[in-house]
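The following paragraphs lead the reader through a single protein chain. Please keep the sequence and the coordinates in view while reading.

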Amino acid sequence: MKEGIKEVKELAEDIRIAMLTTVSEEGYLRSRPMALNDIEEDGTMWFFTGKNSEKVDEIEDNAKVNINFADNSDYDYLSVAGKAELVLDKAIIKEKFNRMTKAWFPEGTESDNISLLRITPDSAEYWDGGDNKMVQLFHLGKALLTGKKYQGGRHEEVAM
């Protein structure tokens, strides 16, 4: 696995909660929180959702989406651009279903409204804070005192 995709996978798995952005019928960007269910080695992401939701309607009109993960405590951020697809295959739903999913779908895999979103990434960009908070604060303070630009963490763009 390419190093960049490996880092994307690790950040997404560590953070787990993301903001999924879709495009509304009127052309506005709409974001809502989603819990990552699974991420494959190539970066493909899976999220459970209600098949009768507005986000599904928006995705059917425009499959381009963005997913943003943020961990403010570690200064780790991940943005993934890609295409979303609704998956209704019961075998895949059963394979991906887990105990946490039951909070949103108490009827389990037999729910009439259960579906999956498969997000196939085109590109990703991440900012990895790297050091612990004390080291980051030291570097920030040093930048402020010396007038030199803060150079904390890593930033990389990844073609998927």
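A residue is called buried when its relative accessible area is under 20%, exposed when that area is over 50%, and partly exposed in between. The model discussed here is predicted. By the cut-off for burial, Phe48 is buried, because its relative accessible area is 11%. Phe48 recurs below, in a strand, in an aromatic cluster and in the lining of a pocket.

The overall organisation provides the setting. The protein chain contains four helices and eight strands, and their order along the sequence is α-β-β-β-β-α-β-β-α-β-α-β. Of the 160 residues in the protein chain, 38% are buried. Among the contacts with a separation of 6 or more, 65% join residues that are 24 or more positions apart.

Strand 4 is a suitable place to begin. This strand spans residues 45–50, and six of its six residues are buried, so strand 4 is largely enclosed by the rest of the structure. Which residues lie on each of its two covered faces? Met45, Phe47 and Thr49 are on one side, while Trp46, Phe48 and Gly50 are on the other, and all of them are buried.

Strand 4 has pairing partners that include strand 3 and strand 7. With strand 3 (residues 38–39), the pairing is antiparallel and runs over two bridges; here Ile39 has Met45 as its bridge partner in strand 4. The two strands form a hairpin in which five residues lie between them, and Gly43, located in the turn, has a positive phi of about 95°. With strand 7 (residues 114–128), strand 4 also pairs in the antiparallel sense, over six bridges. In this pairing Met45 stands opposite Ile119 of strand 7. Met45 thus takes part in the pairing with Ile39 and faces Ile119.

Helix 1 (residues 3–15) meets this region through Ala12, which is found in that helix. Ala12 is buried, because its relative accessible area is 0%. Leaving aside residues up to four places away in sequence, Ala12 touches Leu36, Ile39, Met45, Phe69 and Leu78. Ile39 and Met45 of this list are the bridge partners named above. Gly43, the turn residue of the hairpin, is 31 residues from Ala12 in sequence, and the C-alpha atoms of the two are 9.4 Å apart in space.

Beyond helix 1 the chain enters the loop between helix 1 and strand 1 (17–23), where Arg16 lies. Phi of Arg16 is near 70°, a positive value in a residue other than glycine. Arg16 has a relative accessible area of 30% and is therefore partly exposed.

Helix 2 (residues 54–61) contains Val56. With a relative accessible area of 2%, Val56 is buried because that value falls under the 20% cut-off. Not counting residues up to four places away in sequence, Val56 touches Thr49, Gly50, Lys51 and Leu86; Thr49 and Gly50 belong to opposite sides of strand 4. Val56 and Thr22 are separated by 34 residues in sequence and by 9.1 Å in space, C-alpha to C-alpha.

The aromatic residues can now be considered. A pair of aromatic rings is described by the distance of the centres and the angle of the planes. Two aromatic pairs are counted when ring centres within 6.5 Å are required. In one, the rings of Phe48 and Phe97 have centres 5.9 Å apart and planes at 85°, so the pair is edge-to-face. This pair links distant parts of the chain, since Phe48 is in strand 4 and Phe97, 49 residues apart from it, is in the loop between helix 3 (90–96) and strand 7. In the other, the rings of Phe48 and Phe105 have centres 6.4 Å apart and planes at 55°, so the pair is tilted. Phe105 also lies in the loop between helix 3 and strand 7, and 57 residues separate Phe48 and Phe105. Phe105 is buried, because its relative accessible area is 7%. Phe48, Phe97 and Phe105 form one aromatic cluster.

Phe48 leads finally to the largest pocket, which has a volume of about 390 Å³. Its lining comprises 17 residues, and those nearest the centre are Met34, Ala35, Leu36, Phe48 and Trp104. Strand 2 (29–35) and strand 4 each contribute at least two residues to this lining. By residue class, the lining consists of nine nonpolar, six polar and two charged residues. Leu36, one of the residues nearest the pocket centre, is also touched by Ala12.

Conventions. Residues numbered from 1 in each chain as written. Predicted model: local features only at pLDDT ≥ 70, side-chain atom pairs only at ≥ 80, totals over all residues. Heavy atoms only, no water. Buried < 20%, exposed > 50% of the residue type's maximum accessible area, 1.4 Å probe, protein only. Contact = heavy atoms within 4.5 Å. Pairing = 2+ DSSP bridges. 1 Å grid on protein atoms, 1.4 Å probe; cavity = no way out; pocket = protein on both sides within 12 Å on 5 of 7 lines; lining within 4 Å. Points joined across faces, edges and corners; volume = space filled by probe spheres on them. Nonpolar A, V, L, I, M, F, W, Y, C, P; charged D, E, K, R; others polar. Phe/Tyr/Trp six-rings, centres within 6.5 Å; stacked < 30°, edge-to-face > 60°.
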